[in-house]
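Subject: A structure for you to look through

Dear colleague,

I am handing over the structure below, and I would be glad if you kept it open while you read the notes that follow it. Please take your time with each part.

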Amino acid sequence: MGRRVSNSKKNTRLLLGLLAIVLATCHASDFIRLEGGVVIATQHRMERKTEIVRETQETQITLKLNIDGSGKSNISTGVGFFDHLLELFAKHGFFDLEMNATGDLHVDAHHTVEDVGICLGDAFREGVGDKTGMRRFGSFTVPMYESLAQIDLDLCGRSYLHYQTPLSHGTVGTFDVELAEEFFHGFVNHSGTTLHINVPYGTNRHHIIEAIFKGVAKALDIATSIDDRVSGVLSTKGSL
Ligand SMILES: [Mn+2]
């Protein structure tokens, strides 16, 4: 004669079985919500890592990005100040970034800086995927001694750059200051970002550009972060 099992015990076993299956198939970063004792895997969050390889007559670039990183970087572009900017971009945005760029520096740093911006834009566009659960908007203001950089961005799929700084010309090391704008043009065009960069005041070239890169990193960290109140994509249109 078989053992008699009450309905409530059967239900408990069924629930525990379902829980085991859900936990076994879910990633640690998935969202699991308990609602009235029923386990629902509401979203499957993919790893947000990308790898970009781009080669032209002017530059050869390989890039690895982890949007959900810790700020580790390994950067080599051949332009010292630009390496510094990309390292602090990774550090302050908590992105893991490997970047190896070989460009036609015998001409100048223009193609290298612009193409790195293009590759970083491609990496973010691919990395965020369909933007499920993502905050989408990000703003951050960085004071760097006498300079102030105000950054506002939207990862909306529409590319737009507003770039207003007191910088017009000059260099930091071998980096022409106008290359910062070229970098962000490449970035917004390939990432589909609406990006407003305003530096209302500042005098030191190194400080101004560094504050901009830190601010963009912080604003991107906010915009790419996941808010578990967001169901699907944060848009009345239903897609971004
Ligand atoms: Mn610095």
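Phe94, whose phi is positive and near 55°, follows helix 2; helices here (H or I, at least four residues) and strands (E, at least two) are DSSP runs, numbered from the N terminus. What you have is a predicted model, in which local features need pLDDT of at least 70 and side-chain atom pairs count only at pLDDT 80 or more, while totals for chains, interfaces and linings use all residues. Residues are numbered from 1 along each chain as its sequence is written.

Helix 2 itself covers residues 80-93, and its 14 residues reach 20 Å from the first C-alpha to the last, close to the 20 Å expected at 1.5 Å a residue (the expected span is 1.5 Å times one less than the number of residues). Phe81, Phe82, Leu85, Leu86, Phe89, Ala90 and Gly93 are buried in this helix, where buried means that 20 or more other C-beta atoms, placed from the backbone, lie within 10 Å of a residue's own, exposed means 12 or fewer, and partly exposed lies in between. An α-helix has 3.6 residues a turn, so residues three or four places apart point the same way. The buried residues of helix 2 are covered by elements that include strand 5 (73-76), strand 6 (96-103), helix 3 and helix 5.

For the wider setting, the protein chain holds 5 helices and 12 strands, and 35% of its 240 residues count as buried. The mean pLDDT of the chain, which is the predictor's confidence in each residue from 0 to 100, is 89, and 82% of the residues reach 70 or more. Please be careful with residues 25-44, however, over which pLDDT stays under 50.

Which residues have the most contacts inside the largest nonpolar core? They are Phe82, Val116 and Ile212, in a core of 53 residues, and helix 5 gives the largest share of this core, with 10 residues. A nonpolar core is a set of buried Ala, Val, Leu, Ile, Met, Phe, Trp, Tyr and Cys residues joined through C-beta atoms within 7 Å. Leaving out residues up to four places away in sequence, Ile212 touches Ala149, Ala180, Ile197 and Val199, a contact being two residues whose C-beta atoms, placed from the backbone, lie within 7 Å.

Next comes a sheet. It is an open one of 4 strands in the order 7-8-12-9, with mixed pairing, and two strands count as paired if DSSP finds at least two bridges between them. Strand 7 and strand 9 (160-164) stand at the edges with a single partner strand each, so one side of each has no neighbour in the sheet. Neighbouring strands of this sheet are turned by 10° against each other on average, direction ignored; angles run from 0 to 180 degrees between N-to-C directions, and axes are lines fitted to C-alpha atoms, for helices over the stretch in contact.

Strand 7 (residues 137-144) and strand 8 run antiparallel and are joined by 8 bridges, with Ser139 standing opposite Asp152 of strand 8. These two strands form a hairpin with 2 residues between them, and Tyr145 in the turn has a positive phi of about 50°. Strand 8 is also joined to strand 12 (residues 194-201), again antiparallel, by 6 bridges; in strand 12, Leu195 is the bridge partner of Leu153, and Asn198 is that of Gln150.

Where do the side chains of strand 8 (residues 147-154) point? They alternate, with Ser147, Ala149, Ile151 and Leu153 pointing to one face and buried, whereas Leu148, Gln150, Asp152 and Asp154 point to the other and are not buried.

Two helices meet this sheet. Helix 4 (residues 179-191) packs on the sheet and touches strand 9 and strand 12, its direction making about 160° with that of strand 9, while helix 5 (residues 205-224) lies across strand 7, strand 8 and strand 12 at about 150° to strand 7. Just after helix 4, Gly192 takes a positive phi of about 70°.

Finally, look at Arg158, which sits in the loop between strand 8 and strand 9. Arg158 is exposed, because 11 other C-beta atoms lie within 10 Å, and among residues over four places away in sequence it touches Gly192 and Thr194.

With best wishes
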